[in-house]
Each structure stands twice: as structure tokens, then as C-alpha cells.
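Trainee: Could you take me through one part of this model slowly, and then show me how that part sits in the rest of the chain? I'd like to start with the charged pair.

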Amino acid sequence: MMTMKYLSNCFLLTIPVLLWDYIFANKLPKAFQPEIFWDNVPPFIAYVENISRIVMFIFMVLMPLCISTRTQKKGVALYVAGIFVYYISWLLLIYLPSSVWSASVFGFLAPAYTPFFWLVGIGLMGDSFYFNLPYRKLIFFLAVLVFLIFHNWHTYLIYLRIS
């Protein structure tokens, strides 16, 4: 049963996001489709974005999911609110693609910057790593910050290209 304890990790919290992305990504406006979104992205941006995404996911797999402290409970609240805001950002682009909001830089980039909330929520829930690895929230938050900077930069370049 030792392996069961390792299945309850913070990566589980990404499943609603990954399912949402899988189900609805093809309904987003054309600029978000892979053939446009990943076309001619400077390699440095693409590499750092993807490497930092992988690092975040690895950290989440190594972080036990436990909700017992006040900080972890605040993390749950921020995570839930963040997921809601993230979903809304997608729905506005899907169902109101020609709206002033969706055509604005803030609306277009919303799916890129709203993960900040649910990722910080996950970071607040984590307070250790498995295998007695040293844990510092700052390291996870730095990975999140690097990912979000490059993910938003990438999305902004696409916005500039289509506007």
C-alpha cells in the first residue's frame, strides 16, 4: 500500500484543467488552435514555456495533497475560485469571440494569466515533497512565475499577430 500514498498528490488538482482543455480547446477561436498558436513562436519562448510547465508538473507530482492547515484551506479556496475564473475566461472566448472583451488584449490573454490563481492555490496547498526532499514554496512559485511569464508572452505575440 506504500504506492497508494504517492497517488494522492497535488498533480490531481490539474485533472479538471487538463480535462477542460482537452474537451474545449478545439472550440476556442482559430488563433488558439495549435497550427496558429504554435506557428512561428520564437524557440526560446517555446522551450522555456514548456520546460517550466514540465517542472511545475513534476513538483506537483512530488507534493502530497493534504488539506489540514489554515494556509492549505486558503489554497483550496483560491484554487476553486481560480478554476472558476479560468473556465469563464474560456467560455467568453468560445461563446462571445467578437465581443469587446474577447477582442481586447486582456480578454485574449485571460486563459494565459488566470492560471495564476489556481496554480498559487496549489502552491499554498503544498507544504512538503515526498521522499524527504527539501521543500520551499518559493521554488514552486518561481516555476509558476517563469511558466506564466513565458506563456503570457507567447499568447501576447499571437495577439499582436492577429490584431
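Mentor: Let's start with Glu-49, which is buried, because its relative accessible area is 0% and the cut-off for buried is under 20%. Bear in mind that this is a predicted model. Glu-49 makes a salt bridge with Arg-53, and their closest N and O atoms are 3.4 Å apart. Why can two such side chains pair up? Side chains of opposite charge can do so when their charged atoms come close. Arg-53 has a relative accessible area of 21%, so this residue counts as partly exposed. The salt bridge count comes to one.

Both partners belong to helix H4, four residues apart, or about one turn of the helix. In an α-helix there are 3.6 residues a turn, so residues three or four places apart point the same way.

Now for the helix that carries them. H4 has 20 residues, and from first C-alpha to last it reaches 28 Å, close to the 28 Å expected at 1.5 Å a residue. Glu-49 has buried company in H4, including Ile-45, Ala-46, Val-48, Ser-52 and Met-56. Further along H4, Phe-59, Met-60 and Leu-62 are buried too. What do the buried residues of H4 pack against? Their partners are H8 and H9.

H4 also holds Phe-57, so let's go to the rings. There are 16 aromatic pairs by count. In one of them Phe-57 meets Phe-11 edge-to-face, with 5.5 Å centre to centre and 85 degrees between the planes. This pair links distant parts of the chain: Phe-11 is in the loop between helix H1 (2-7) and helix H2 (15-24), Phe-57 is in helix H4 (residues 43-62), and 46 residues separate them. Phe-11 counts as partly exposed because its relative accessibility is 24%, and Phe-57 counts as partly exposed at 23%.

Another pair is stacked: Trp-20 and Tyr-87, 3.9 Å centre to centre with 15 degrees between the planes. That pair also links distant parts of the chain, with Trp-20 in helix H2 and Tyr-87 in helix H5 (residues 70-95), 67 residues apart. Trp-20 and Tyr-87 are both buried. They belong to one aromatic cluster together with Phe-24, Tyr-86, Trp-90 and Trp-118.

Back to the loop between H1 and H2, since Thr-14 is there as well. Is Thr-14 buried or exposed? Thr-14 is buried, because its relative accessible area is 1%. Apart from neighbours within four places in sequence, Thr-14 is in contact with Phe-57, Met-60, Trp-118 and Ile-122. So Phe-57 turns up again as a contact of Thr-14, and Trp-118 ties back to the aromatic cluster.

Trp-118 and Ile-122 lead us into the middle of things. The largest nonpolar core has 41 residues, and Met-63, Trp-118, Leu-119 and Ile-122 are the ones with the most contacts inside it. H2, H4, H5, helix H7 (105-113), helix H8 (115-125) and helix H9 (137-162) each supply at least two residues of this core. H9 gives the most, with eight residues. As for Met-63, leaving aside neighbours within four places in sequence, its contacts include Asn-9, Cys-10, Ile-122, Gly-126 and Ser-128. Phe-129, Tyr-130, Tyr-135 and Phe-140 are also in contact with Met-63.

One more ring is worth a stop. Trp-101 is in helix H6 (residues 100-103), and Trp-101 counts as partly exposed because its relative accessibility is 35%. Setting aside neighbours within four places in sequence, Trp-101 is in contact with Leu-92, Phe-106, Gly-107, Phe-108, Ala-110 and Tyr-113. Trp-101 and Ser-89 are twelve residues apart in sequence, and their C-alpha atoms are 9.9 Å apart in space.

Finally, step back to the whole chain. The protein has nine helices and zero strands. Of its 163 residues, 41% count as buried. Among contacts with a separation of 6 or more, residues 24 or more positions apart account for 80%. The C-alpha trace spans about 50 × 30 × 25 Å along its principal axes. The radius of gyration is 17 Å, which agrees with the value near 15 Å for a compact globule of 163 residues. And the charged pair you asked about, Glu-49 with Arg-53, belongs to H4, a helix whose buried residues pack against H8 and H9.

How values were computed: Residues are numbered from 1 along each chain as its sequence is written. This is a predicted model: local features need pLDDT of at least 70, side-chain atom pairs count only at pLDDT 80 or more; totals for chains, interfaces and linings use all residues. Side-chain values use heavy atoms; hydrogens and water are left out. Rings of Phe, Tyr and Trp (its six-membered ring) pair if their centres lie within 6.5 Å; planes under 30 degrees apart count as stacked, over 60 as edge-to-face and the rest as tilted. Buried means under 20% relative accessible area, exposed over 50%, partly exposed in between (1.4 Å probe, protein chains only). A salt bridge is a side-chain nitrogen of Lys or Arg within 4 Å of a carboxyl oxygen of Asp or Glu. Contact means heavy atoms within 4.5 Å. A nonpolar core is a set of buried Ala, Val, Leu, Ile, Met, Phe, Trp, Tyr and Cys residues joined through side-chain atoms within 4.5 Å. The expected span of a helix is 1.5 Å times one less than its number of residues. The radius of gyration is taken over C-alpha atoms; the globule rule is 2.2 Å times the number of residues to the power 0.38.
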